[in-house]
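Me: Please place the structure before us. I should then like to put some questions on its charged pairs and its buried positions.

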Amino acid sequence: MEHVQAYPPPAAPSAYPPLATPVSVIGPQYCYPQPVDLAVVRKVLTITEGNFAVTDINGNIMFKIKGKFFSIHDRRLLTDAAGNPICTLRPKIMTVHDRWQVFRGESTEEKDLIFTVKRSSMIQLKTKLHVFLPTNPKEDVCDFRVEGSWLERSCIIYSGESNTILAQMHKKHSVESVLLGKDKFMVTVYPNVDYAFVVALIAILDGINQDDGVE
């Protein structure tokens with residue numbers, strides 16, 4: 001049976017200008033012409049697999065993250081709601097704290113590399129990550145960057161070194177979340193931006209900060 005990509009319902013109309021050229025990193029099927037609101041739910045008090053889910057604003061599961069970063073050999077797998085693998089997230093050997101690679105499907109071969117994430121500084125209170133595509137091997141200038149505070153769940157994803165925002169996170173507290181040991185925050189992905197790419201970046205942010213002992 002052929003897998004049909006299900007688009008999430010769009011976010012409420014807003015002043016998000018659509019980008020002239022879609023930002024497709026993992027695949028064009030994840031680029032939507034309207035802003036997309038996603039909810040990320042982390043089960044804080046568990047170390048089991050599947051502790052990380054991404055839903056649309058109606059609560060329908062869009063993505064799941066399986067696995068945890070516990071050693072340089074570990075990896076995370078981003079799947080769709082049905083469990084089909086989308087990409088593999090892996091800390092690069094011997095650089096577990098400052099470089100991660102993302103590969104297509106369940107591969108970890110260089111030919112399937114989609115993008116690389118590099119932490120710009122080892123000692124920092126604020127998050128700052130640089131993202132490089134395989135077409136940018138020199139890594140002089142980043143293709144994307146992530147800045148903000150993971151602790152406050154207020155990170156923003158930008159295009160390159162510009163001020164063009166591609167997605168932003170914002171915290172959502174509720175009594176239910178606290179009682180159930182869940183951490184829930186929202187992500188608004190701007191029009192024509194690959195929302196699977198945004199989810200993969202958030203999963204890496206989560207992994208980095210777990211390594212650092214930051215929940």
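Me: Is R76 buried or exposed in this predicted model?
Reply: The model is a predicted one, in which local features need pLDDT of at least 70, side-chain atom pairs count only at pLDDT 80 or more, and totals for chains, interfaces and linings use all residues. Residues are numbered from 1 along each chain as its sequence is written, and side-chain values use heavy atoms, with hydrogens and water left out. Buried means under 20% relative accessible area, exposed over 50%, and partly exposed in between, with a 1.4 Å probe and protein chains only. R76 has a relative accessibility of 1%, so R76 counts as buried.

Me: Which residue forms a salt bridge with R76?
Reply: A salt bridge is a side-chain nitrogen of Lys or Arg within 4 Å of a carboxyl oxygen of Asp or Glu. The closest N and O atoms of the pair that includes R76 are 2.9 Å apart, and the partner is D206.

Me: How many residues apart are D206 and R76?
Reply: Helices (H or I, at least four residues) and strands (E, at least two) are DSSP runs, numbered from the N terminus. R76 belongs to strand β4 (residues 76-80) and D206 to helix α2 (residues 195-211), so the salt bridge links distant parts of the chain. D206 is buried as well, at 0% relative accessible area. The separation of the two residues is 130 residues.

Me: Why does the pair of R99 and E139 tie together separate parts of the sequence?
Reply: R99 and E139 form a salt bridge, with closest N and O atoms 3.0 Å apart. R99 lies in strand β6 (residues 99-104), whereas E139 lies in the loop between β8 and β9 (144-148), so the pair joins parts separated in sequence by 40 residues.

Me: Is E139 buried, partly exposed or exposed?
Reply: Its partner R99 counts as buried, at 17% relative accessibility. E139 has a relative accessibility of 21%, so E139 counts as partly exposed.

Me: Which residues are linked with K111 in a network of salt bridges?
Reply: K111 and E109 meet through their side chains in a salt bridge at 4.0 Å, N to O. K111 counts as exposed, at 67% relative accessibility, and E109 as partly exposed, at 45%. The network links K111 with E109 and D112.

Me: Which residue offers a backbone oxygen to the side chain of T88?
Reply: T88 is in strand β5 (residues 85-91) and is buried, with a relative accessible area of 2%. The side chain of T88 reaches a backbone oxygen at 2.7 Å, and that oxygen belongs to G105.

Notes. A polar contact is a pair of N or O atoms within 3.5 Å; within protein, one must be able to donate a hydrogen and the other to accept it, and residues adjacent in sequence count only if both atoms are side-chain atoms.
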